[in-house]
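Here is a quick look at one helix and at the enclosed spaces in this model. Have the structure open as you read.

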Amino acid sequence: EKTKDTFFSKISKAVVGKSTVDDDVLDELEEILVTSDVGVATTLKVVERVQKRVARDKYVNTSELNNILREEVQALLEENNSADFQNFNYTDHKPYVIMVVGVNGVGKTTTIGKLAHQLKAAGQKVVIGAADTFRAAAVEQIQLWGRRADVRVVSQGMNADPASVAFDTLQSAVANGEDVAIIDTAGRLHNKVGLMNELSKIKNVMQKVVPGAPHEILLVLDASTGQNAVEQCKQFTQATDVNALALTKLDGTAKGGVVIGISDQFKIPVKYIGVGEKMTDLQLFNKKEFVDSLFGK
Amino acid sequence: MFDNLQDKLEGAFKVLKGQGSITEINVAETMKEIRKALLDADVNYKTAKAFTDEVKQKALGQHVLTAVSPGQLLTKIMNDELTALMGGNVDELNVKANPTVILIAGLNGAGKTTFSGKLALHLKSHKHKKPLLVAGDVYRPAAIDQLEVLAGQVGADVYTNRESTDPVKIALEGIAHGKQNGNNVIIIDTAGRLTLDDALMNEIAEVKQATQPQEVLFVVDAMTGQDAVNTAKAFNDRLDFTGVVLTKLDGDTRGGAALSIKSVVNKPIKFVGTGEKMDALDVFHPDRMASRILGMGDVISLVERA
Ligand SMILES: Nc1nc2c(ncn2[C@@H]2O[C@H](COP(=O)(O)OP(=O)(O)OP(=O)(O)O)[C@@H](O)[C@H]2O)c(=O)[nH]1
Ligand SMILES: Nc1nc2c(ncn2[C@@H]2O[C@H](COP(=O)(O)OP(=O)(O)OP(=O)(O)O)[C@@H](O)[C@H]2O)c(=O)[nH]1
Ligand SMILES: [Mg+2]
Ligand SMILES: [Mg+2]
């Protein structure tokens, strides 16, 4: 059976035959973190903390070292100061407006389909706005998700103005008394100024219908992305005040270690994780479970 | 990030500046910074280590002529080495057979369907072919519609079978249809899949077995991190692919995954995607990729100022 290579199995290899945590072992820890996309700067920070803790001790065995590393990674995530979200209920605003953004192909549309399903299951009335009017068959894709999740989709077809679709969606959400409105947007690379400005425009238009909207600007990150995810986070935050992250495709071999580096640099909570292509494959992010899965319990 | 790298290398090169030959001591610090830069560019950990060791060996003991500084010499060695690693010359697609079958494979969202459309356009306008696009993704919502729209945009034929959920059957039907229709290249789009999914990995191996393609192209997102080596290896183990397509290079990623993939599977990178539009496709240039990964623009200007 194929399983992910866990930190634990790697640490075991690193300390075999060693009596103390020497430079070689620390190098191995560095490798374990870097090869999980944690990033050089954050890796050095974690390794330094581990080094401080073990310097006093003479002998550290595999499971002790594993626990120390786990505690330090967990501590780093905790320093982000954000509590994990506990449920799919959003009752502080009506309609609660979620705008979903991110680079191409990360899983925005799929995440929206799954989220709509979860919200519905939690008893919320949901509407989706098909504001990706650019990518081939993007409207058909989100409409299919709407049918699967049995929620209403507002669209104006391809090549329509995305801001106008968002406006329409919120207006009808208000009229229909819907609890949550989720806006899909076209994938865009964060270095394209024109496309990033378009996001601000979509956002501003929504505030005309629902003051304070969007309440949640969700940046979707692909777990297999490397250090570029940091730049994505920076640029999307500058353009739209991202306040939640979703990490997708965690069902693969990529572990999404880049969010450890991201949480070290940005105070944006990871809210959802995607663990498959099915409608039920969305979970709320839990720091402890995330670290457990890195370390393999 | 770039400024940071520049600062660090600036410091590292100062150690080298004005010294007569490259020694173990004066090269160590520079190599450390370069290794960090490679890791920040998402080059695989082991690949980065092997690369800096190699460069160090080549550099050690080299006498520095009056005309160049040690930094310049090191930069040249590094650039040459990386360009060589990325694969010497541009590797053309083999489209001699009639019909030529091309199978497209890769992770979810990598850019397979978009690339399929781009490739059809490329073969049409540059190779005077009559391509057929086959819609072999039976899973992703609206995947068939997406390929149809793209086929329409590039003016290529498309084969779909909305009744079937069997990619092997659809691929074979597509080839038969293409032969009848006079298509000399048949491009089979497939669903995105993760390498841990045995059922889906078996399925694409079966599509390959049944269709006997001349080219199997592995499409991979240039922003991929350290996992690129595992993914490329897993796809190569099952499909023995003939080439790699690197997408989304219009972003600002340094694209170190390209080097990692090359070093782990040693297959040529044949195309790069540089945008969402159908004409945003380039052939691969190893030298450009090498300088992109190294942030070489920075390094060269840095050395020139030294
Ligand atoms: N295995 C797996 N696949 C996923 C997950 N989330 C999304 N995908 C797949 O990733 C691919 C891209 O997903 P989309 O939802 O279309 O991505 P997007 O960000 O909306 O893409 P664009 O709108 O083109 O930018 C599809 O094949 C999805 O099925 C996940 O958590 N696990
Ligand atoms: N900027 C940019 N976007 C690209 C490029 N290639 C593909 N894309 C975008 O990436 C997203 C995903 O592309 P698709 O072609 O749907 O990817 P796929 O691999 O077929 O996805 P699945 O079939 O769901 O696995 C879309 O938004 C494309 O427009 C590229 O070279 N540059
Ligand atoms: Mg989408
Ligand atoms: Mg596709």
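## Helix α6

In chain A, α6 is followed by A:Asp150, whose phi is positive, near 60 degrees. The helix itself covers residues 138-149 (helices are DSSP runs of H or I, at least four residues, numbered from the N terminus). Its 12 residues reach 17 Å from first C-alpha to last, close to the 16 Å expected at 1.5 Å a residue, where the expected span is 1.5 Å times one less than the number of residues.

Buried residues (under 20% relative accessible area with a 1.4 Å probe, protein chains only) in α6(A) include A:Ile142 and A:Trp145. Looking down the axis, the buried ones fall within an arc of 160 degrees, so they line one face of the helix; the arc uses directions from the axis to the C-beta atoms.

## Cavities

There are 5 cavities of 30 Å³ or more. A cavity is a set of points on a 1 Å grid over the protein atoms alone where a 1.4 Å probe fits but cannot get out, and lining residues have an atom within 4 Å of a point. Volume is the space filled by probe spheres set on the points, which are joined across faces, edges and corners.

The largest holds about 180 Å³. Of its 22 lining residues, those closest to the centre are A:Asp222, A:Ser224, A:Lys249, B:Leu107 and B:Asn108.

## Ground rules

This is a predicted model: local features need pLDDT of at least 70, side-chain atom pairs 80 or more, while totals for chains, interfaces and linings use all residues. Residues count from 1 along each chain as written, chains are lettered from A and ligands numbered from 1 in written order, and side-chain values use heavy atoms, without hydrogens and water.

Key
Helix = DSSP H or I, 4+ residues; strand = E, 2+ residues; numbered from the N terminus. Buried < 20%, exposed > 50% of the residue type's maximum accessible area, 1.4 Å probe, protein only. 1 Å grid on protein atoms, 1.4 Å probe; cavity = no way out; pocket = protein on both sides within 12 Å on 5 of 7 lines; lining within 4 Å.
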